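Please open the model in your viewer, with the cartoon shown and the side chains hidden for now. The tour moves from selection to selection, and each stop says what is to be found there.

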Amino acid sequence: MSSTAGQVIKCKAAVAWEPGKPLVIEEVEVAPPQKMEVRLKILFTSLCHTDVYFWEAKAQDSVFPRILGHEAAGIVESVGEGVTELAPGDHVLPVFTGECGECAHCKSEDSNMCSLLRINTERGVMLNDGKTRFSINGKPIYHFVGTSTFSEYTVVHVGCVAKINPLAPLDKVCVLSCGISTGLGATLNVAKPTKGSSVAVFGLGAVGLAAAEGARLAGASRIIGVDLNSGRFEEAKKFGVTEFVNPKDYDKPVQEVIAEMTDGGVDRSVECTGNINAMISAFECVHDGWGVAVLVGVPHKDAVFKTHPMNFLNERTLKGTFYGNYKPRSDIPSVVEMYMKKELEVEKFITHEVGFAEINKAFELMLKGEGLRCIIRME
């Protein structure tokens, strides 16, 4: 692969030319990596709801044309100036947020919100020079959250690349670069349920099921899934969910239902929907004295969280988390090792697989709400 180092690579990429329109497989030119950048050969990528959200561009200003994709696995093709921790041939996961290693957040044991490389959905260019590394006939094609994995080759800041065990199957562990790690970490790193405890998980999509998986791994005895789609309960059992509540089935707030089920409330709750009412319910359903609620979902920009201050004074705790509190370069390799040791099953999250030419089929599946993760084979 080193024969292409320092040269422009021509390859295929799925380009989103405008909001909501099918992606188009185009031949793009990918420039060599510059200072503190690496160029990756993407072998497998998967579709996350965030890609769909920004492709639809319903709630924010979005940059087009751009190459979406951020949940992936690949191999380092070449490295730019100043990159010492990665070399051509390394197996890696690109991550939508980063770890520069130098800022106050990176130096803190309590934070993973890197000042330099924290997710930026509006920036479509590289930090080094404010330009793109993708082009078609000289016309720039913009990046997405610093990863743009819907391309056979992509250029990423070195701080957004996790070097992983070369024996890990890339077609499986690619899903650990975003949603699965987010849900898993929200439970294991932030909620921290104890063995035998009770946990409520709001939203049983891929992130919520990963949160349930974390509760299962922690040894929780009761894992209550909360979702408006009752059809999700059967699938959720595979991830440790023991009971199911559909808020639509009751004429009182779901937090009251859960409090009655659990003699005062659950020990921990994890909210994975982004719906403000679910967030409030997740907080108000935890037990006084020791209950901890963790918010994972991203709410509407105008949403307001309202609860009575007595809920705090009665010793309930509300926490938020970003990417499950994992630092990408330091921590994600250990999540891959959990899979390698068979502690964590990722196969059950993977429900579909398509070739790169069929990438729009993956979007159709997600829009229909079918399946959890669709793997896209780049070759």
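What follows is a walk through the domains, the sheets and the empty spaces of this structure, which is a predicted model.

**The two domains**

Begin by colouring the two parts into which the protein is divided, selecting residues 9–175 together with 346–377 as domain 1, and residues 183–322 as domain 2. If you place a marker at the centre of each, taken over C-alpha atoms, the two centres of domain 1 and domain 2 are separated by 30 Å. Where the domains touch, the contact takes ten residues from domain 1 and ten residues from domain 2.

**The six-stranded sheet**

Next, select strands S10 to S15, which form an open sheet of six strands whose order is S12-S11-S10-S13-S14-S15 and whose pairing is parallel. Strand S12 (243–245) and S15 stand at the edges with a single partner strand each, so one side of each is left without a neighbour in the sheet. Looking across the sheet, you will find neighbouring strands turned against each other by 20 degrees on average, when direction is ignored.

To look at one pairing in detail, select strand S11 (residues 222–226) with S12: the two run parallel and are joined by three bridges. Within this pair, Val 226 stands opposite Val 245 in S12.

Now add helix H5 (residues 206–218), which packs on the sheet and touches strand S10 (198–202), S11 and strand S13 (268–271). The direction of helix H5 makes about 170 degrees with that of S10. Helix H8 (residues 276–284) also packs on the sheet, touching S10, S13, strand S14 (292–295) and S15, and the direction of helix H8 makes about 170 degrees with that of S13.

**The four-stranded sheet**

Turn then to another open sheet, in which four strands follow the order S1-S2-S6-S7 with antiparallel pairing. The edges are taken by strand S1 (9–15) and strand S7 (139–141), each of which pairs on one side only. From one strand to the next, the twist of this sheet averages 50 degrees.

In the interior of that order, select strand S2 (residues 24–30) and strand S6 (residues 134–136), which run antiparallel and are joined by two bridges. Show the side chains of Glu 29 and Ser 135, since here Glu 29 stands opposite Ser 135 in S6.

**The second largest pocket**

Which residues line the second largest pocket? Select Glu 109, Asp 110, Ser 111, Asn 112, Asn 189, Val 190, Lys 192, Lys 319, Gly 320, Asn 325, Lys 327 and Asp 331 to display the lining. The elements that give two or more residues to this lining are helix H4 (179–191) and strand S15 (317–320). With the domain colours still on, you can see that domain 1 and domain 2 both give residues to the lining, so the second largest pocket lies between them. Its volume is about 210 Å³, and its lining residues divide into one nonpolar, five polar and six charged.

**The cavity**

The last stop is an enclosed space, and the count comes to one cavity of 30 Å³ or more. The largest cavity has a volume of about 150 Å³, and 14 residues line it, of which Leu 117, Arg 123, Val 145, Gly 146 and Cys 160 lie nearest its centre. Sorted by character, the residues lining the largest cavity comprise eight nonpolar, four polar and two charged.

Key: Residues are numbered from 1 along each chain as its sequence is written. This is a predicted model: local features need pLDDT of at least 70, side-chain atom pairs count only at pLDDT 80 or more; totals for chains, interfaces and linings use all residues. Side-chain values use heavy atoms; hydrogens and water are left out. On a 1 Å grid over the protein atoms alone, a cavity is a set of points where a 1.4 Å probe fits but cannot get out, and a pocket is an open set with protein on both sides within 12 Å along at least five of seven lines; lining residues have an atom within 4 Å of a point. Grid points are joined across faces, edges and corners, and a volume is the space filled by probe spheres set on the points. Ala, Val, Leu, Ile, Met, Phe, Trp, Tyr, Cys and Pro count as nonpolar, Asp, Glu, Lys and Arg as charged, and the others, Gly among them, as polar. Domain bounds come from an automatic or database domain assignment. Two strands pair if DSSP finds at least two bridges between them. Axes are lines fitted to C-alpha atoms, for helices over the stretch in contact, and angles run from 0 to 180 degrees between N-to-C directions. Contact means heavy atoms within 4.5 Å.
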